[in-house]
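This report concerns the open and enclosed spaces of one protein model, together with several residues of note. Please keep the sequence and the structure in view while reading.

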Amino acid sequence: AAAQATLLQASRGFAAAASEPKDLSAAWASLAAYDSKAAGAFLNGEAAKAKAELGAAGYALAREYVVDHGKSLNFDGTVEVDSFDAANLWLREADGRAILAFRGSDTQKNLANVRSTETCSMYGHRLQAAVAEGEFAPLVALMSAGDFSGCRVLAVTGHSLGAGTACLLAVLLREDIGIDVVAFGFATPPVIGKDAALRCKPYILSVVHHTDVIPRASLRNLLLLSRLMDAVLQLRQNQDEETAREGVVDAVKQVVSSAHETP
């Protein structure tokens with residue numbers, strides 16, 4: 001409730017008609033958020049380049065929001081690091097365009113939140129619980145109306161976990177408060193229900209790289225995949241390998257045909 005009140009207060013500084021610049025600023029802002037030690041040297045270097053691109057486009061870092069989550073293993077699980085969630089507010093004073101970018105996963109703790117299958121009811125929506133409660137709400141609680149006083153238009157963005165967080169904010173600002181923001185998600189994990197996701201189409205652009213599994217890993221798709229794996233396992237246990245291989249096509253058809261029955 002406190003985070004929702006903060007969200008409402010902060011949003012009063014936004015214009016009613018927001019549009020993202022027709023350039024790569026949202027992508028640069030998403031990449032620039034990977035400036036943490038946990039993200040590693042390579043991503044830190046790319047983040048520095050992204051910040052330079054934003055600066056060249058007239059953006060300056062107006063505000064950083066950081067939530068300390070203590071210690072965690074880094075993304076590849078090899079080194080213990082400080083775990084921080086972060087969001088950066090970039091502002092171009094010349095025209096009041098602002099980009100709020102949420103950092104994606106850079107620790108094992110973040111990955112655990114993305115992989116969680118628990119859901120919760122928050123702000124009147126059915127959401128992915130670990131992302132909404134563990135990542136989104138603590139960052140939004142740090143935001144205030146004064147932070148956005150110089151913003152005339154706003155886009156929210158992020159990569160992976162950051163994209164999911166950005167999309168949650170876009171949904172709440174649009175549907176609950178009526179603020180006309182847009183969102184750009186890169187490899188966005190599923191964080192809201194199907195009906196809400198379909199309503200997001202006019203104002204959320206989700207960029208998916210080829211066969212990246214994360215944006216497709218909704219609870220519904222994971223359930224269908226589980227059914228298919230069970231069916232294939234039964235084939236391999238009860239038939240010889242050649243016959244089982246031939247039966248896989250039928251198993252896929254059966255699972256696909258059941259998709260409309262899956263919530």
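Is His210 buried or exposed? With a relative accessible area of 62%, His210 is exposed, because a value over 50% counts as exposed. The model discussed here is a predicted one. His210 is found in the loop between β8 and α8, and although His210 is not a glycine, its phi is positive, at about 50°.

**Pockets**

The largest pocket has a volume of about 1,300 Å³. Of the 37 residues that line the largest pocket, Pro190, Val191, Ile192, Pro215 and Ser218 are the closest to its centre. Several elements each supply at least two residues of this lining: α4 (108-115), β5 (125-128), α7 (194-199), β8 (204-207) and α8 (219-238). Among these contributors, α8 gives the most to the lining, with 4 residues.

The second largest pocket has a volume of about 260 Å³. Its lining consists of 15 residues, and those nearest its centre are Tyr34, Phe75, Ser105, His159 and Ser160. Here the largest share of the lining, 3 residues, comes from α4.

**Cavities**

The structure also holds 2 cavities of 30 Å³ or more. In the second largest cavity there is about 50 Å³ of space. Two or more residues of the lining of this second largest cavity come from each of β2 (80-92), α5 (129-140) and α6 (161-177). The residues that line the second largest cavity are Asp85, Ala86, Phe102, Arg103, Glu135, Leu139, Leu161 and Thr165.

The table sets out the residue classes in the three linings described above.

| Lining | Nonpolar | Polar | Charged |
|---|---|---|---|
| Largest pocket | 20 residues | 10 residues | 7 residues |
| Second largest pocket | 9 residues | 3 residues | 3 residues |
| Second largest cavity | 4 residues | 1 residue | 3 residues |

**Helix α8 and a surface patch**

Helix α8, which gives 4 residues to the lining of the largest pocket, also holds Leu225. Which residues form a nonpolar patch on the surface together with Leu225? The patch is formed by Leu222, Leu225 and Met229, and together these residues have about 290 Å² of accessible area. Leu225 counts as partly exposed, because its relative accessibility of 44% lies between the limits of 20% and 50%.

**Two serines in loops**

Ser160, named above as one of the residues nearest the centre of the second largest pocket, lies in the loop between β6 (153-159) and α6. The phi of Ser160 is positive, at about 55°, although Ser160 is not a glycine. Its relative accessible area is 15%, and Ser160 is therefore buried, since the limit for that class is under 20%.

Ser116 is found in another setting, the loop between α4 and β4 (119-122). The relative accessible area of Ser116 is 22%, so Ser116 is partly exposed. How many residues separate Ser116 and Ala129 in sequence? They are 13 residues apart in sequence, and the distance in space from C-alpha to C-alpha is 7.8 Å.

**Summary**

In this predicted model, the largest pocket has a volume of about 1,300 Å³ and the second largest pocket one of about 260 Å³. Of the loop residues described, His210 is exposed, Ser116 is partly exposed and Ser160 is buried.

Note on methods. Residues are numbered from 1 along each chain as its sequence is written. This is a predicted model: local features need pLDDT of at least 70, side-chain atom pairs count only at pLDDT 80 or more; totals for chains, interfaces and linings use all residues. Side-chain values use heavy atoms; hydrogens and water are left out. On a 1 Å grid over the protein atoms alone, a cavity is a set of points where a 1.4 Å probe fits but cannot get out, and a pocket is an open set with protein on both sides within 12 Å along at least five of seven lines; lining residues have an atom within 4 Å of a point. Grid points are joined across faces, edges and corners, and a volume is the space filled by probe spheres set on the points. Ala, Val, Leu, Ile, Met, Phe, Trp, Tyr, Cys and Pro count as nonpolar, Asp, Glu, Lys and Arg as charged, and the others, Gly among them, as polar. Patches are made of residues with over 30% relative accessible area and no salt bridge: like charges are joined within 9 Å, nonpolar side chains (Val, Leu, Ile, Met, Phe, Trp, Tyr) within 5 Å. Accessible areas come from the Shrake-Rupley method with a 1.4 Å probe; for residues, only the protein chains shown count as cover. A salt bridge is a side-chain nitrogen of Lys or Arg within 4 Å of a carboxyl oxygen of Asp or Glu. Buried means under 20% relative accessible area, exposed over 50%, partly exposed in between (1.4 Å probe, protein chains only).
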